[in-house]
Number of protein chains: 2
Amino acid sequence: MFSKACEYGIRALTIIAKEGEKGQKVGIKDVCKLADTPESFTAKILQDLVRKGILNSQKGPSGGFYITKDLSEVALYDIVVAIDGPEVFRKCGLGLAECNAAKPCALHTKFEVVRNELNAMCQTSTLETLVEQLVLDIHN
Amino acid sequence: MFSKACEYGIRALTIIAKEGEKGQKVGIKDVCKLADTPESFTAKILQDLVRKGILNSQKGPSGGFYITKDLSEVALYDIVVAIDGPEVFRKCGLGLAECNAAKPCALHTKFEVVRNELNAMCQTSTLETLVEQLVLDIHN
DNA sequence: CAAATATAAGACAAATTTGTCTTTAATTAA
DNA sequence: TTAATTAAAGACAAATTTGTCTTATATTTG
């Protein structure tokens with residue numbers, strides 16, 4: 001569904017968001033330990049997200065990654081688009097370049113349902129809801 | 001969502017199923033022309049599906065690919081599993097090895113909805129329904 | 001300022017996916 | 001039986017994704 005890079009990115013951002021609620025910046029090592037993601041690869045993904053304005057970072061001692069935006073305003077949709085691009089939300093299920101209501105592929109109608117659910121999931125999930133779920137998980 | 005190999009395989013099978021209804025075997029060249037897929041790559045995918053019993057083939061003049069099963073009994077689910085494996089129907093949305101109701105990832109509940117829709121689409125689609133849609137497309 | 005710490009950047013490498021090409025084997029039809 | 005035709009098999013190659021490593025740059029703290 002999502003690329004590895006995207007999975008890692010989401011997991012890392014969720015960790016950073018959660019730790020950030022305690023008012024802390026998180027170093028790449030801690031992020032990756034908590035998110036269970038490969039360090040150098042994750043660093044590259046996060047650097048890209050910093051360039052794209054989803055995330056902030058600070059070099060030097062007591063530096064690390066942090067988020068200045070309101071967590072409720074960072075939609076999962078934005079994260080996925082930043083890492084994997086918008087194709088997953090648009091692509092034809094059978095990979096046809098042209099596939100729409102006027103010229104549908106054999107799977108068009110049914111696939112649209114799936115894609116709409118994916119879209120809904122990504123639009124209604126935010127770093128805030130993801131962190132909430134994380135906390136819930138620990139409490140259970 | 002699906003790999004390229006899987007997209008090509010589904011499209012090729014749909015073509016073979018459709019032509020098969022006319023009682024014809026279809027050569028790899030015709031399949032790929034009609035499905036708009038790369039020839040050698042598609043051939044390899046179809047050969048694999050033959051080995052897995054989804055499809056039949058015959059060598060020699062007037063040979064080609066054909067389907068002996070009832071089209072209504074070849075579910076899209078079976079095709080996807082044959083080509084991409086069952087992971088897409090099981091995998092955690094965030095790529096965690098362990099993710100279930102007892103130990104859910106931050107996206108678990110919402111992702112389950114998407115995965116269930118994907119599953120439903122693949123269980124309720126068969127080569128018969130896919131061919132129907134193809135025919136409909138041409139009529140519109 | 002100096003030393004330590006942490007991200008940034010980019011070269012490099014491994015693995016996987018996607019795709020091609022050549023040779024072989026089987027089948028048919030003349 | 002022979003020639004033509006078609007899939008089968010597998011080596012090979014390109015592209016993409018995933019991942020690592022080294023060096024540079026920025027920042028903080030003493």
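Okay, straight to the DNA: in this predicted model, a backbone N or O atom of Lys4(B) sits 3.0 Å from a phosphate oxygen of DNA strand C. Chain B also reaches that strand through Gln58(B), where a polar side-chain atom lies 2.7 Å from a phosphate oxygen. From the other protein chain, Ile28(A) joins in with its backbone, a polar atom of which is 2.8 Å from a phosphate oxygen of DNA strand C.

Let me zoom out a bit on that strand. There are 26 residues around DNA strand C, and the nearest ones are Ile28(A), Arg51(A), Ser57(A), Tyr8(B) and Gln58(B). So what part of the strand is the protein touching? Take the atoms of DNA strand C within 4 Å of the protein: 65% belong to sugar or phosphate, and the rest to bases.

If you want to find this surface on the screen, look for α3, β1 and β2 of chain A, plus α1 (4–21) and α3 of chain B; each of those supplies at least two residues near DNA strand C. By class, you have nine nonpolar, 11 polar and six charged residues there.

Now the other strand, D. Here 25 residues surround the strand, with Tyr8(A), Gln58(A), Gln47(B), Arg51(B) and Ser57(B) the closest. Sugar and phosphate account for 64% of the atoms of DNA strand D that come within 4 Å of the protein.

And the individual phosphate contacts? On the chain A side, Lys4(A) has a polar backbone atom 3.0 Å from a phosphate oxygen of DNA strand D. Gln58(A) uses its side chain, with an N or O atom 2.5 Å from a phosphate oxygen of that strand. On the chain B side, a polar side-chain atom of Ser57(B) is 2.7 Å from a phosphate oxygen of DNA strand D. As for the elements involved, those giving two or more residues to the surface near DNA strand D are α1 (4–20) and α3 (39–51) from chain A, and α3 (39–51), β1 (56–58) and β2 (64–66) from chain B. The class count for DNA strand D is nine nonpolar, 10 polar and six charged residues.

Next, how do the two protein chains relate? You can lay chain A on chain B with an RMSD of 0.0 Å, using a turn of 180 degrees and a shift of 0.0 Å along the axis. That's the relation of a two-fold axis. Which residue of chain A comes closest to the rotation axis? Met1(A), whose C-alpha is at 2.4 Å.

The contact between the chains takes 29 residues from chain A and 29 residues from chain B. The copies meet through the same surface, because 100% of the interface residues of chain A are also interface residues in chain B. People often give the size of an interface as the accessible area lost when the parts come together. Here chain A and chain B bury about 2800 Å² between them, with 65% of that on carbon and sulfur atoms. Within chain A, the residues losing the most area to chain B are Met1(A), Leu94(A) and Ala106(A), which together make up 22% of what that side buries. So Met1(A) turns up twice: closest to the axis among the residues of chain A, and among those that lose the most area.

Quick word on the chain A fold. It has six helices and two strands, and along the sequence they run α-α-α-β-β-α-α-α. The C-alpha trace spans about 55 × 30 × 25 Å along its principal axes. Of the 140 residues in chain A, 45% are buried. And if you take the contacts in chain A between residues at least 6 apart in sequence, 63% join residues at least 24 apart.

Last thing, two backbone oddities. Most residues other than glycine have a negative phi. Asp36(A) isn't a glycine, yet has a positive phi of about 55 degrees. You'll find Asp36(A) in the loop between α2 (28–35) and α3 of chain A. Buried or exposed, Asp36(A)? Exposed, with a relative accessible area of 59%.

The other one is Ser62(A), also not a glycine, with a positive phi of about 65 degrees. Ser62(A) is in the loop between β1 (56–58) and β2 (64–66) of chain A, and is exposed too, at a relative accessible area of 67%.

Notes: Residues are numbered from 1 along each chain as its sequence is written. Chains are lettered from A and ligands numbered from 1 in the order in which they are written. This is a predicted model: local features need pLDDT of at least 70, side-chain atom pairs count only at pLDDT 80 or more; totals for chains, interfaces and linings use all residues. Side-chain values use heavy atoms; hydrogens and water are left out. A residue is near a molecule or strand if one of its heavy atoms lies within 4 Å of it. A polar contact is a pair of N or O atoms within 3.5 Å; within protein, one must be able to donate a hydrogen and the other to accept it, and residues adjacent in sequence count only if both atoms are side-chain atoms. Helices (H or I, at least four residues) and strands (E, at least two) are DSSP runs, numbered from the N terminus. Ala, Val, Leu, Ile, Met, Phe, Trp, Tyr, Cys and Pro count as nonpolar, Asp, Glu, Lys and Arg as charged, and the others, Gly among them, as polar. Buried means under 20% relative accessible area, exposed over 50%, partly exposed in between (1.4 Å probe, protein chains only). Copies are superposed by least squares on the C-alpha atoms of residues with pLDDT of at least 70 in both. Contact means heavy atoms within 4.5 Å. Buried area is the accessible area (1.4 Å probe) that two parts lose on being put together, summed over both.
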